[in-house]
Amino acid sequence: MKDYIYKKVESTVRALLLLCLFATIPLHAENAEEATAPETATKTEAATKTTTATKAEADSAYAKEHYQQAARLYEQVLKQGVSPELYYNLGNAYYRMDNITLAVLNYERALLLSPGDADIRFNLQMARAKTIDKITPESEMFFVTWYRSLVNLMGVDSWARTALVSLVAAILLTLIYLFAGRIWLRKVGFFGGMAFLVVFLLSNLFAWQQRRVLVERTGAIVIRSAVPVKSTPSKHGTDLFILHEGTKVTITDSSMKDWKEVRVADGKQGWLEASQIEVI
């Protein structure tokens with residue numbers, strides 16, 4: 001009877017192990033897009049010197065308080081490749097020039113790439129405090145806030161690395177469970193392997209959610225001084241309320257070219273002209 005139970009548990013663990021191995025295939029497939037072009041590394045290496053020099057010049061201009069020049073140089077570097085650090089520095093330059101709208105936009109873009117960065121989040125809050133609209137977000141259940149904070153603890157790449165490390169740990173602990181001679185080692189292998197399996201699955205889920213946010217890009221910033229939010233996608237529509245520059249909105253309907261349906265954090269909805277907002 002014990003041998004039968006042992007074989008059933010062993011077969012179950014092996015099945016879970018195979019499931020983990022197959023589950024990593026989509027993760028590698030998604031990241032394969034970045035490696036499809038064999039010359040990418042060569043291009044990056046060829047542009048490294050130029051990028052570094054330009055960023056050094058931008059940092060130097062910022063240190064000398066030449067913020068307009070620094071912003072222009074950071075914009076040039078961003079054309080060669082985006083990074084949270086560059087968006088963060090660009091946001092700082094615009095903040096120093098008292099261009100709060102573009103500061104908020106670039107802080108938001110930096111936070112999108114690095115959601116767990118405390119410095120970016122702090123500076124974004126400082127910039128938002130200088131905007132005109134003071135919007136109170138809709139109340140939500142505490143576990144929803146907790147879950148969202150957990151997902152935003154790291155970016156997609158960090159969650160992917162966590163998933164791979166957890167998978168390796170789960171495999172090693174499973175091998176300990178299958179081949180260890182001592183009972184306490186087998187218990188450690190079994191329960192430890194199950195724990196890392198859960199971490200592996202959750203990390204993949206969080207990485208997928210972070211990737212979806214990056215791909216969909218539904219967030220936007222109002223870039224006009226004051227815009228009326230319409231009841232219909234028409235200039236003749238009824239004015240529902242007014243939004244001012246620097247306010248963040250979520251695009252809920254982008255099916256039309258010239259108009260976007262948006263939702264504000266407090267739950268209000270309406271239509272804005274596409275030229276009045278800029279996607280994060």
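Of the 280 residues of the chain, 34% count as buried in this analysis, which rests on a predicted model. The chain contains nine helices and seven strands. Among the contacts in the chain with a separation of 6 or more, 57% are made by residues that lie 24 or more positions apart.

Aromatic side chains were examined next. A search of the whole structure finds seven aromatic pairs, one of which is formed by Trp159 and Phe206 in an edge-to-face arrangement, with 4.9 Å from centre to centre and 65° between the planes. Because Trp159 belongs to helix 8 (residues 156–179) and Phe206 to helix 9 (residues 183–216), this pair ties together parts that are 47 residues apart in sequence. Both Trp159 and Phe206 are buried. A second pair, between Tyr177 and Phe190, is tilted, the ring centres lying 5.4 Å apart and the planes meeting at 50°. Here too the partners come from helix 8, which holds Tyr177, and helix 9, which holds Phe190, so that the pair ties together parts that are 13 residues apart in sequence. With regard to accessibility, Tyr177 has a relative accessible area of 8% and is therefore buried, whereas Phe190, at 27% relative accessibility, counts as partly exposed. Trp159 and Phe206 also take part in a cluster, in which ring pairs link them with Tyr147.

Charged side chains are placed over aromatic rings as well. The charged end of Arg186 sits over the ring of Tyr177, at 5.1 Å from the ring centre, and Tyr177 is the residue that also forms the tilted pair with Phe190. In another such arrangement, Lys268 lies over the face of Phe241, with a distance of 5.3 Å to the ring centre.

The packing of helix 5 (residues 100–113) against helix 6 (residues 118–128) was also characterised: the angle between them is about 155°, and their axes are 9 Å apart. Since angles over 145 degrees count as roughly antiparallel, helix 5 and helix 6 are therefore roughly antiparallel to each other. The crossing of helix 5 with helix 6 is left-handed. On the side of helix 5, the residues that meet helix 6 are Ile100, Val104, Tyr107, Glu108, Ala110 and Leu111; on the side of helix 6, the residues involved are Ile120, Arg121, Asn123, Leu124, Ala127 and Arg128.

Terms used: Residues numbered from 1 in each chain as written. Predicted model: local features only at pLDDT ≥ 70, side-chain atom pairs only at ≥ 80, totals over all residues. Heavy atoms only, no water. Phe/Tyr/Trp six-rings, centres within 6.5 Å; stacked < 30°, edge-to-face > 60°. Helix = DSSP H or I, 4+ residues; strand = E, 2+ residues; numbered from the N terminus. Buried < 20%, exposed > 50% of the residue type's maximum accessible area, 1.4 Å probe, protein only. Lys NZ or Arg CZ within 6 Å of the ring centre and 35° of its normal. Axes fitted to C-alpha atoms, helices over the stretch in contact; angles between N-to-C directions. Parallel < 35°, antiparallel > 145°, perpendicular 65-115°, else oblique. Left-handed = near helix turned anticlockwise from the far one by under 90°. Contact = heavy atoms within 4.5 Å.
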